[in-house]
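Hi,

Here's the structure I said I'd pass along. Have a look when you get a minute, and then read my notes underneath.

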Amino acid sequence: MEVQGGTLVVGGHSTGPGIERDAIKSLTAQLSGWALICMTDKMLTRNGEKIWLPKLAAFIIKRTADRAKMREIALEQSVKNMMMQS
């Protein structure tokens, strides 16, 4: 998760080169299999209530379980392929 700060300041991330650097960083992470979650500091809490954190936790738990299941299926397929070649 990346928390974007300085939302009221014109600077680094809001310049052309800064936006391009952020886009390259984001694309590189996504192409490497990362789930990119960008938020502002104000999104973390609303009146002291952590409204996004439970949703983020549920997403991370589900994604972790899904990826574990995908690895399990890939391993089973590899074992089947090895057995067929024997």
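Below is what I found, starting with confidence and ending with a patch on the surface.

First off, keep in mind that this is a predicted model. The mean pLDDT for the protein comes out at 83, with 87% of the residues at 70 or more. Confidence is lowest in strand 1 (residues 2-4), where the mean is 73. Helix 3 sits at the other end, with the highest value, 90.

On the fold: you'll see three helices and two strands, and going along the sequence they come in the order β-α-β-α-α. If you count contacts with a separation of 6 or more, 59% of them are between residues 24 or more positions apart.

As for burial, the protein has 86 residues, and 8% of them count as buried. The exposed area is about 7,200 Å², and 65% of that is supplied by carbon and sulfur atoms.

Now for the patch. L75, V79 and M83 together make a nonpolar patch of about 320 Å² on the surface. V79 belongs to helix 3, which covers residues 53-85, and that helix is the element with the highest confidence, a mean of 90.

Why does V79 qualify for a patch? Its relative accessible area is 40%, so it is partly exposed, and patch residues need over 30%.

That's what I have for now. Shout if anything looks odd on your side.

Cheers

Terms used. Residues numbered from 1 in each chain as written. Predicted model: local features only at pLDDT ≥ 70, side-chain atom pairs only at ≥ 80, totals over all residues. Heavy atoms only, no water. Patch = residues over 30% accessible without salt bridge, like charges linked within 9 Å, V, L, I, M, F, W, Y side chains within 5 Å. Areas by Shrake-Rupley, 256 points an atom, 1.4 Å probe, with all protein chains shown as cover. Salt bridge = Lys/Arg side-chain N within 4 Å of Asp/Glu carboxyl O. Helix = DSSP H or I, 4+ residues; strand = E, 2+ residues; numbered from the N terminus. Buried < 20%, exposed > 50% of the residue type's maximum accessible area, 1.4 Å probe, protein only. pLDDT = per-residue confidence, 0-100. Contact = heavy atoms within 4.5 Å.
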